[in-house]
Amino acid sequence: MLEAYPKKPAGLLAVTADVTSQEQLQAAVDAGLAEFGRIDVVVNNAGYGLVGAVEEVSDKAARDLFDVNVFGVLNTLRATLPTLRAQRSGCVLNIGSVGGFATAPGTGLYGATKFALEGISEALHGELAPLGVRVIIVEPGGFRTDFLNGASLHVQPASISDYDAGAGPTRAALAANDGRQPGDPAKGATAIVDVAEAGEPPLRLQLGADAVERVEAKLDLVRRELDQWRLVALSTSF
């Protein structure tokens with residue numbers, strides 16, 4: 001019996017590329033340009049999580065993580081920004097994490113990759129704004145995706161007992177929270193599309209009540225410490 005497969009939806013071109021390979025990314029972008037002639041939105045969403053106290057994370061695990069979460073973004077930008085600059089239009093959406101604004105014990109290396117993405121995005125925003133290209137970094141909290149299962153979350157062995165008190169609770173919470181995250185992925189996706197189409201989008205977009213709570217707590221902490229140590233900070237001038 002022959003099965004009839006549906007035709008490819010109009011306006012869709014699916015290509016495969018490893019974000020750690022500049023050559024594969026360039027080929028994918030070239031294929032898209034050949035099909036559509038332009039780029040409107042670049043979404044940097046490739047990445048994965050890593051759990052482990054900073055000292056417990058091996059050199060290889062840390063470098064592999066940065067290769068995907070940070071250098072993969074840079075590779076994608078190198079392949080797409082020439083077109084966006086030439087168009088003098090377009091939008092770059094970098095999917096970060098609330099953990100890139102306020103990290104936690106046990107997720108320091110993952111947080112470091114997302115902190116790096118914050119810095120890249122903030123600078124890129126200033127570099128591309130005069131050219132008519134917008135940059136948005138999305139800071140989601142916990143959304144009910146596959147992020148907390150083995151397909152996306154790598155867990156380093158708890159090899160140093162001294163970190164049981166610091167990193168242990170995060171390990172336990174992440175393991176128990178898979179499938180129980182408060183965020184609805186469909187609503188999150190709708191919010192991302194809406195902000196990408198906004199006339200004046202924000203540089204940062206938090207998603208989820210948990211993300212808002214963590215960002216507010218971090219801002220409060222930074223303000224308290226800045227006020228507490230202001231005189232010391234100011235005392236270092238000539």
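## Starting in a loop

Arg 88 sits in the loop between H3 and E3. Its phi angle is positive, about 60°, although Arg 88 is not a glycine. Keep in mind that everything here comes from a predicted model.

## The whole protein

Now let's zoom out. The protein has 8 helices and 6 strands. If you walk along the sequence, they come in the pattern α-β-β-α-α-β-α-β-β-α-α-β-α-α. Along the principal axes, the C-alpha atoms fill a box of roughly 65 × 60 × 35 Å.

How much of the protein is tucked away? Of its 238 residues, 36% count as buried. The protein exposes about 14000 Å², and carbon and sulfur atoms supply 58% of that. Take the contacts between residues at least 6 apart in sequence: 76% of them join residues at least 24 apart. As for charge, there are 20 positive and 29 negative side chains, and the centres of the two sets lie 4 Å apart.

## Helix H4

Helix H4 covers residues 108–128, and you can check its length yourself. At 1.5 Å a residue, its 21 residues should span 30 Å, and the end C-alpha atoms are indeed 30 Å apart, so the two values agree.

Plenty of names turn up on the buried list for H4, including Leu 109, Tyr 110, Thr 113, Lys 114, Leu 117 and Leu 128. What do the buried residues of H4 pack against? Their partners are the helices H2 (59–69) and H3 (71–87), along with the strands E2 (49–51), E3 (91–95), E4 (134–140) and E6 (204–207).

## Asn 69, a residue to look up

Asn 69 belongs to helix H2. Is Asn 69 buried or exposed? Its relative accessible area is 1%, so Asn 69 is buried, since the cut-off for that label is under 20%.

Two polar partners are worth finding in the structure. The side chain of Asn 69 has a polar atom 3.0 Å from the backbone oxygen of Tyr 48. That side chain also makes a polar contact of 3.2 Å with the side chain of Thr 113, one of the buried residues of H4. Setting aside neighbours within four places in sequence, Asn 69 is in contact with Ala 46, Gly 47, Tyr 48, Tyr 110, Thr 113 and Lys 114.

## Thr 83 in helix H3

Last stop: Thr 83, which is found in helix H3. Thr 83 counts as buried because its relative accessibility is 17%. Leaving out residues up to four places away in sequence, Thr 83 touches Leu 33 and Ile 39.

How values were computed
Residues are numbered from 1 along each chain as its sequence is written. This is a predicted model: local features need pLDDT of at least 70, side-chain atom pairs count only at pLDDT 80 or more; totals for chains, interfaces and linings use all residues. Side-chain values use heavy atoms; hydrogens and water are left out. Helices (H or I, at least four residues) and strands (E, at least two) are DSSP runs, numbered from the N terminus. The expected span of a helix is 1.5 Å times one less than its number of residues. Buried means under 20% relative accessible area, exposed over 50%, partly exposed in between (1.4 Å probe, protein chains only). Contact means heavy atoms within 4.5 Å. Accessible areas come from the Shrake-Rupley method with a 1.4 Å probe; for residues, only the protein chains shown count as cover. Lys and Arg count as positive and Asp and Glu as negative; His and the chain ends are not counted. The place of a charge is taken as NZ of Lys, CZ of Arg, CG of Asp or CD of Glu. A polar contact is a pair of N or O atoms within 3.5 Å; within protein, one must be able to donate a hydrogen and the other to accept it, and residues adjacent in sequence count only if both atoms are side-chain atoms.
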